[in-house]
Amino acid sequence: MKYIILCSAIVMASLSNVLPDATFVVKGKITDYNGIALPFVSVNEKNTGNIVQSDDLGVFQITVKNSGVILVFTLPGYETKEIKVAGQTMINAVLIKLEDKSEEVVVAPRSKKNELAIVSREEADKSMRVYGMPSPSTYTQRTPPYPGDYNNDNFNTEDYDGIVENRFKTVIDNPLSTFSIDVDAASYGNVRRFLNQGQLPPAGAVRIEEMINYFHYDYPQPTGDIPFAVQTEMSEAPWNKNHRLALVSLQAKKISTENIPASNLVFLIDVSGSMNEENKLPLVQQSMKLLADQLRPQDKVAIVVYAGSAGVVLPATGGNNIQTIKDAINRLEAGGSTAGGEGIKLAYKIASQQFIKEGNNRVILCTDGDFNVGVSSDDEMERMIEQERKSGIFLTVLGYGTGNYKDNKMQKLADKGNGNHAYIDNLNEAKKVLVSEFGGTLFTIAKDVKLQVEFNPDKVQAYRLIGYENRMLNKEDFNNDRKDAGDLGSGQTVTALYEIIPAGVKSEFIERVDPLKYQSLNEPADTRKNSSELMTIKLRYKKPGGDKSLKIEQPVEDHHISLANTSSSFRLAAAVAQFGMLLRHSEFLQQSSYGNVLALASSAISDDAEGYRNEFIQLVQKANSIAKNENHREEKSLGKR
């Protein structure tokens with residue numbers, strides 16, 4: 001019997017060394033030295049993108065991969081603290097406040113391997129001369145505000161452009177609706193970040209078209225020579241049964257990774273002081289290493305970094321040297337001011353030197369967008385990017401971080417650079433953008449894609465395009481090949497929704513104008529007489545290396561089905577659009593509600609291999625809870641008055 005027990009113990013001990021631990025939940029509270037609770041502390045499972053934040057009472061809860069990991073506690077103005085879990089389910093952390101002082105620092109290489117470090121100006125000048133880089137500019141770096149300042153608008157310097165919501169337009173006065181496609185999905189990731197932090201996002205952060213286009217839809221693949229397929233679907237609007245909702249979609253041809261042309265990539269990485277947080281440079285490094293794993297031997301990568309100045313960390317290196325690329329990424333450290341314009345110039349220069357004819361030439365910018373040295377104004381940056389895009393080099397902009405995130409600047413750079421924009425709030429999002437959607441993110445199959453929809457006034461009284469406010473074009477722009485528009489990547493989808501007021505339906509949203517004195521509205525009888533068409537969709541696009549657009553035209557019959565019989569893609573897109581309207585407090589909400597969104601989304605989760613649709617439902621529930629709490633506090637505050 002003793003022998004059996006001894007053998008069992010040996011087997012169990014052996015298994016404990018080879019079997020992975022189950023996931024482990026750690027809870028706790030974070031305070032300062034005086035016992036005061038610290039909210040908004042980032043609690044990170046070290047060397048991963050798994051991050052949570054403490055709540056208003058300093059309480060946190062995080063699920064980690066096993067009981068032996070290290071937790072990193074960070075808060076601007078306080079010393080970073082690392083605690084090994086070591087099987088503890090309850091960890092209370094005390095953070096020590098830093099001295100409030102300023103110091104002059106710069107970023108410079110500290111070895112021949114181009115490893116970057118924060119050093120004194122004298123050391124930096126010497127180091128830069130040794131490694132052939134320009135002498136950097138000094139700057140004054142002050143420790144950030146303390147936790148009490150988090151609710152201070154002066155501390156949160158995130159920037160978002162205002163959005164003027166598209167209104168209903170009468171078909172008699174405005175028969176044409178013209179806009180550029182948008183495949184960006186940055187808004188959805190950013191909205192998710194706000195909701196996971198227990199806040200409703202600012203209205204300017206909610207771009208409904210980007211939220212809709214975040215998801216994968218089951219649209220048919222194109223056939224023939226045209227690189228994308230056009231599909232339409234129509235039903236009643238979920239928030240107003242008297243209105244129609246028309247879906248127009250594009251499905252790009254999916255090209256397998258092995259058939260994508262050779263890639264010439266330049267990683268342009270912001271290593272300035274503002275990137276010195278767990279959800280910034282460390283997450284950038286993890287993201288870029290994921291991308292490095294997707295490279296093929298025929299691909300090549302160079303790495304350019306910028307802080308007070310810009311420099312080349314890794315010259316163009318073949319995809320068969322992945323470890324060399326990863327080693328260069330691992331050596332990056334943050335510190336310094338932000339000469340973004342100088343970095344962009346250098347990245348385009350390197351990309352141009354390594355240009356692959358008929359290849360995939362692209363700069364991948366990773367930053368929080370907080371440029372503050374050299375060329376930094378929006379106008380200057382836009383002009384520079386517009387000039388550089390003529391070389392045939394595309395731009396991908398990946399946004400990171402909180403507190404100083406410049407969403408508006410990132411949008412402009414991606415738009416002007418024939419590129420795309422994503423917001424990376426965790427490692428799973430990095431996998432989605434850079435692994436699952438590798439071809440779509442990095443390989444363009446059609447550029448300057450524009451849509452123009454003409455509505456039949458016998459069928460449609462008025463219409464409203466939901467979202468795409470910053471993508472609207474003049475009707476004359478459709479045939480103007482000099483006018484820039486959005487690009488479409490391999491396998492990507494574009495979804496646009498029109499809310500339609502059918503002819504004969506009374507609506508408070510139709511705004512009348514006085515009759516025209518010198519114009520006649522009478523049309524020849526054969527122009528539209530007895531037409532069963534609801535609208536005609538026209539598209540223009542250019543091949544990636546072309547300058548002349550090609551045109552596609554497709555009429556759409558007036559055929560709609562009940563909401564219950566629509567595709568799951570239609571119901572999901574409608575749910576996301578309604579959610580976006582609620583978050584933006586749209587004046588066109590009508591009978592919209594969080595309950596309506598949840599019901600619609602729940603009916604569309606049958607095909608959810610990646611889990612994105614279920615995650616969406618969780619975000620809607622969070623937003624509903626936050627909105628109720630805010631309304632309750634507001635009512636309570638008004639009651640006290």
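Buried means under 20% relative accessible area, exposed means over 50%, and partly exposed lies in between, using a 1.4 Å probe and protein chains only. The model here is predicted: local features need pLDDT of at least 70, side-chain atom pairs count only at pLDDT 80 or more, and totals for chains, interfaces and linings use all residues. Residues are numbered from 1 along each chain as its sequence is written, and side-chain values use heavy atoms, with hydrogens and water left out.

**Exercise 1. Classify Glu358 and Ala86 by exposure, and place each in the chain.**

Solution.
Step 1. Take Glu358. Its relative accessibility is 73%, so Glu358 counts as exposed.
Step 2. Locate Glu358. It sits in the loop between helix H7 (340–353) and strand E18 (360–367). Helices (H or I, at least four residues) and strands (E, at least two) are DSSP runs, numbered from the N terminus.
Step 3. Check the backbone. Glu358 is not a glycine, yet its phi is positive, about 60 degrees.
Step 4. Turn to Ala86. At 56% relative accessibility, Ala86 is exposed.
Step 5. Locate Ala86. Its place is the loop between E6 and strand E7 (93–95). Ala86 is not a glycine either, and has a positive phi of about 50 degrees.

**Exercise 2. Find which residues make the nonpolar surface patch of about 310 Å².**

Solution.
Step 1. Know the rule. Patches are made of residues with over 30% relative accessible area and no salt bridge; like charges are joined within 9 Å, and nonpolar side chains (Val, Leu, Ile, Met, Phe, Trp, Tyr) within 5 Å. Areas come from the Shrake-Rupley method with a 1.4 Å probe, and for residues only the protein chains shown count as cover.
Step 2. Name the members. The patch is made by Tyr33, Val94 and Ile96.
Step 3. Look at one member. Tyr33 is exposed, with a relative accessible area of 70%. Tyr33 lies in the loop between strand E1 (24–32) and strand E2 (42–45).

**Exercise 3. Describe three salt bridges, and state whether their partners are buried or partly exposed.**

Solution.
Step 1. Recall the idea. Side chains of opposite charge can pair when their charged atoms come close. A salt bridge is a side-chain nitrogen of Lys or Arg within 4 Å of a carboxyl oxygen of Asp or Glu. By this rule the count is 26.
Step 2. Take Glu82 and Lys46. Their closest N and O atoms are 3.1 Å apart. Glu82 is in strand E6 (residues 81–84) and Lys46 in the loop between E2 and strand E3 (51–53), so the pair ties together parts 36 residues apart in sequence. Both are partly exposed: Glu82 at 45%, Lys46 at 32%.
Step 3. Take Arg464 and Glu165. Here the closest N and O atoms are 3.7 Å apart. Arg464 is in strand E22 (residues 460–466), and Glu165 is in the loop between strand E10 (139–142) and strand E11 (169–170). The pair links distant parts of the chain, 299 residues apart. Both residues are buried.
Step 4. Take Arg207 and Glu210. Their side chains meet at 2.8 Å, N to O. Arg207 is buried, with a relative accessible area of 5%. Glu210 is buried too, at 0%.
Step 5. Add the network. Asp182, Asp184, Asp415 and Arg471 are joined into one network by salt bridges that share partners.

**Exercise 4. Describe the largest cavity and its lining.**

Solution.
Step 1. Define it. On a 1 Å grid over the protein atoms alone, a cavity is a set of points where a 1.4 Å probe fits but cannot get out; lining residues have an atom within 4 Å of a point. Grid points are joined across faces, edges and corners, and a volume is the space filled by probe spheres set on the points.
Step 2. Count and size. The structure holds three cavities of 30 Å³ or more. The largest has about 70 Å³ of space.
Step 3. List some lining residues. Among them are Asp182, Asp184, Asp415 and Arg471. Helix H9 (407–416) and strand E23 (486–489) are the elements that give two or more residues to this lining.
Step 4. Sort by class. The lining has four nonpolar, three polar and five charged residues. Ala, Val, Leu, Ile, Met, Phe, Trp, Tyr, Cys and Pro count as nonpolar, Asp, Glu, Lys and Arg as charged, and the others, Gly among them, as polar.
Step 5. Inspect H9. Seven of its 10 residues are buried, including Met410, Leu413 and Ala414.

Technical notes:
On a 1 Å grid over the protein atoms alone, a cavity is a set of points where a 1.4 Å probe fits but cannot get out, and a pocket is an open set with protein on both sides within 12 Å along at least five of seven lines; lining residues have an atom within 4 Å of a point.
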